[in-house]
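Please open the model in your viewer and follow the stops below in order, selecting each group of residues as it is named.

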Amino acid sequence: MRVLISEGKIRDRVRELGTQLSSEYSGRPLTILGVLTGSVVLLADLIRATSVPLRVALISASSYGGTRTSPGSLSVNSSLVPDLKGRDVVILDDIFDTGHTMVSLYEAVKGFEPNSVKSAVLLWKSDRTTVDLTPDYFGFSIPDEFVVGYGMDYNDEFRHLPYIGIPDNDDLIAAGG
Ligand code: IMP
Ligand code: MG
């Protein structure tokens, strides 16, 4: 496993994002909507780096028939989402790759009649993005590499790593891929 972004660099950047959100959402009814499962580590760290009152909620999006990095059609499950009407929502995901996941989530969230919707991600693979949308907040722009750790998985493994790494072939085989 090659370390792409160290634990310390992630910590510093997440603190900066928390400070940015705190100033932009001061006095507003903020709900941070974490996308299961990849955002949970970021969600836990980011909310503790944010000093304004906020609510936390969860949503999930699964792709069907896709490959490791190219999702097929997407299904958004909003059954865990509380009332978002009139609230300022930040959709929080681990990584913005092609952008299709975030576009589908935006559409689903708009149906709840929030006051505003923005997107935040830790990583943005800008070279791979094929939608018009871009993330409103992102931690790091990264090259087109498959990454794991800090919530991100391969075959549901590696989410617990405190850093972001690029797995080699032996890592992928060990994960049963
Ligand atoms: P998008 O719809 O192409 O933007 O894909 C976003 C989703 O694909 C993210 O929520 C991740 O679950 C997954 N994904 C994309 N790239 C990676 C990666 O390098 N490692 C792990 N998951 C990834
Ligand atoms: Mg995901």
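## The second largest pocket

Begin with the second largest pocket, which holds about 160 Å³ of space; keep in mind throughout that this is a predicted model. To display the pocket, select Glu7, Ile10, Arg11, Val14, Arg15, Asp45, Ala49, Tyr150 and Pro162, the residues that line it. The largest share of this lining, 5 residues, comes from H1, and by class the lining residues divide into 5 nonpolar, no polar and 4 charged.

Two members of this lining lead on to further features. Stay first with Asp45, one of the lining residues, and add Arg48 to the selection: the two side chains meet in a salt bridge, with an N to O distance of 2.8 Å. Arg48 and Asp45 are 3 residues apart in helix H2, which means that about one helical turn separates them. Side chains of opposite charge can pair when their charged atoms come close. Across the model, the count comes to 8 salt bridges.

Turn next to Tyr150, which also belongs to the pocket lining and is found in the loop between strand E7 (137–141) and strand E8 (164–166). If you display backbone torsions here, phi of Tyr150 is near 50°, a positive value in a residue other than glycine.

## A cis peptide bond before H2

Now move to the loop between strand E2 (30–36) and H2, where Thr37 is found. Select Leu36 together with Thr37 and inspect the peptide bond that runs from Leu36 to Thr37, which is cis, with omega near -5°.

## The cavity

From here, go to the cavity; by the rule applied, the model has 1 cavity of 30 Å³ or more, and about 50 Å³ of space lies in the largest one. Select Leu17, Leu21, Leu42, Leu46, Leu92, Ala120, Val121, Leu122 and Tyr137 to show its lining. Colouring this selection by residue class gives 9 nonpolar residues, no polar and no charged. Helix H1 (7–24), helix H2 (40–48) and strand E6 (116–124) each supply at least two residues of the lining, and E6 gives the most, with 3 residues.

## Ligand 1

For the last stop, select ligand 1 and expand the selection to its shell, where 15 residues surround the ligand, the closest being Thr98, Gly99, Thr101, Lys125 and Val147. Which strand and which helix each supply at least two residues of this shell? They are strand E5 (88–96) and helix H3 (100–110), and the largest share, 4 residues, comes from E5. The shell residues divide into 5 nonpolar, 4 polar and 6 charged.

With the ligand still displayed, draw distances from its oxygen atoms to the protein backbone. At Gly99, a polar backbone atom is 2.7 Å from an oxygen atom of ligand 1, while at Asp97 a backbone N or O atom lies 2.9 Å from an oxygen atom of the ligand. Add His100 as well, where a backbone N or O atom lies 3.5 Å from an oxygen atom of ligand 1. If you then switch to a surface view, note that the protein covers 87% of the 490 Å² of accessible area that ligand 1 has on its own.

Key
Residues numbered from 1 in each chain as written. Chains lettered and ligands numbered in written order. Predicted model: local features only at pLDDT ≥ 70, side-chain atom pairs only at ≥ 80, totals over all residues. Heavy atoms only, no water. Near = heavy atom within 4 Å. Polar contact = N/O pair within 3.5 Å; in protein donor to acceptor, adjacent residues only side chain to side chain. Areas by Shrake-Rupley, 256 points an atom, 1.4 Å probe, with all protein chains shown as cover. Nonpolar A, V, L, I, M, F, W, Y, C, P; charged D, E, K, R; others polar. 1 Å grid on protein atoms, 1.4 Å probe; cavity = no way out; pocket = protein on both sides within 12 Å on 5 of 7 lines; lining within 4 Å. Points joined across faces, edges and corners; volume = space filled by probe spheres on them. Salt bridge = Lys/Arg side-chain N within 4 Å of Asp/Glu carboxyl O.
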